[in-house]
Amino acid sequence: CPIIIRYAESLIVPPSVVLLTAYAKVLSAWSDGQAFSIVIPSWQHLPVHPDINHIVGDFTRLAWLPVNPQQTLSFTEHVLAVHAELQRDFAEAPASGLSVLRKQALKPGQRGSLKFPIVFTDLVPEHESKLPAEFSLTKTLSRTAHVDIDNISTDHGDTLGLHWDVAEAVYAVADVELMFKEY
């Protein structure tokens, strides 16, 4: 979407950060004032070997964005704060979010209490371009255990694709439609 791209360029942030911030703002409005976190998966390979992009495997890295609905930043200030937070998180990339979560979950008294049901999946061309030419991204559907809502953003040339995968047992359809419209 050209408007989002121009806005992101003016702030020197990726367009996905603008979308993530909008997602956080919308969910904040529906959170009853409760703080929450959004899980952001990334599939970028760390440059640990010259042939790393030729290796098949799960290279998923996760970042967690804490969201405080009481925060009173302007949208632009919030976009810049989200970008700074993600920069810090992904700069610590060798510390896998999954391994940190596993260690935290195994601590006494924590078992079963760590849940991160909100996800922001961004499938932009930079991820897609790493696929070999004979592969392409088609329709997406996520069905991850313990995920209640997942934003899936795709870019198809001049068209921005936005999709929310929602656990129907958790959110009322009418509420989801209103939230998505606001997004």
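This talk describes the fold, two of the helices, a strand pair, the aromatic contacts and two loop residues of a predicted model.

Good morning. I shall begin with the overall architecture. The chain contains six helices and five strands. From the N terminus onward, their order is α-α-β-β-α-α-β-α-β-β-α. The chain has 183 residues, of which 33% count as buried. Its accessible surface is about 11600 Å², and carbon and sulfur atoms account for 58% of that area. As for contacts, consider those between residues at least 6 apart in sequence: 62% of them join residues at least 24 apart.

Let me turn to the start of the chain, helix α1, which comprises residues 2-11. Its buried residues are Ile4, Ala8 and Leu11. These three cover an arc of only 60° around the axis, and therefore lie on the same side of α1. On the other side of the helix, Ile3, Arg6, Glu9 and Ser10 are exposed. What, then, covers the buried residues of α1? The cover includes α2, α3 and β5.

Helix α3 offers a second case. This helix runs over residues 75-91, and its end C-alpha atoms are 24 Å apart. For 17 residues at 1.5 Å a residue, the expected span is also 24 Å, so the two values agree. Which residues of α3 are buried? They are His78, Val79, Val82, His83 and Leu86. Because their arc around the axis is only 135°, these residues fall on the same side of α3. They pack against α1, α2, β1 and β2. Helices α1 and α3 thus appear in each other's surroundings: α3 is among the elements covering the buried residues of α1, and α1 is among those against which the buried residues of α3 pack.

Two of the elements that meet α3 are strands, and they pair with one another. Strand β1, residues 36-42, and strand β2, residues 61-67, are joined in the antiparallel sense by seven bridges. Within this pairing, Ile40 has Ala63 in β2 as its bridge partner. Is β1 mostly covered or mostly open? It is mostly covered, since buried residues make up six of its seven positions, by the criterion of under 20% relative accessible area.

I now come to the aromatic residues. A pair of aromatic rings is described by the distance of the centres and the angle of the planes. Over the whole structure, a search finds seven aromatic pairs. One of them is formed by Tyr23 and Phe120, with 5.7 Å from centre to centre and 50° between the planes, a tilted arrangement. Tyr23 belongs to helix α2, residues 15-29, and Phe120 to strand β3, residues 118-123, so this pair ties together parts that are 97 residues apart in sequence. Both Tyr23 and Phe120 are buried.

A second pair consists of Trp164 and Phe180. Why is this pair called edge-to-face? The ring centres are 5.2 Å apart and the planes stand at 85°, and an angle over 60 degrees counts as edge-to-face. Trp164 is in strand β5, residues 159-166, while Phe180 is in helix α6, residues 173-182; the two residues are 16 apart, and their pair links distant parts of the chain. The accessibility of the partners can be stated for each. Trp164 counts as buried, at 8% relative accessibility. Phe180, with a relative accessible area of 31%, is partly exposed. Ring pairs also connect these residues into a cluster, whose members are Tyr23, Phe120, Trp164, Phe180 and Tyr183.

Finally, I draw attention to two loop residues. Ile12, which follows α1, has a positive phi of about 60° although it is not a glycine. Where is Ile12 placed? It sits in the loop between α1 and α2. Ile12 is exposed, because its relative accessible area of 71% is over the 50% limit. Asp32 is likewise a residue other than glycine with a positive phi, near 55°. Its place is the loop between α2 and β1. With a relative accessibility of 72%, Asp32 counts as exposed.

To close, I return to helix α2. This helix is among the elements covering the buried residues of α1, it is one of the elements against which the buried residues of α3 pack, and it carries Tyr23, the partner of Phe120 in β3. Thank you for your attention.

Methods: Residues numbered from 1 in each chain as written. Predicted model: local features only at pLDDT ≥ 70, side-chain atom pairs only at ≥ 80, totals over all residues. Heavy atoms only, no water. Buried < 20%, exposed > 50% of the residue type's maximum accessible area, 1.4 Å probe, protein only. Helix = DSSP H or I, 4+ residues; strand = E, 2+ residues; numbered from the N terminus. Pairing = 2+ DSSP bridges. Phe/Tyr/Trp six-rings, centres within 6.5 Å; stacked < 30°, edge-to-face > 60°. Expected span 1.5 Å × (residues − 1). Arc of directions from axis to C-beta. Contact = heavy atoms within 4.5 Å. Areas by Shrake-Rupley, 256 points an atom, 1.4 Å probe, with all protein chains shown as cover.
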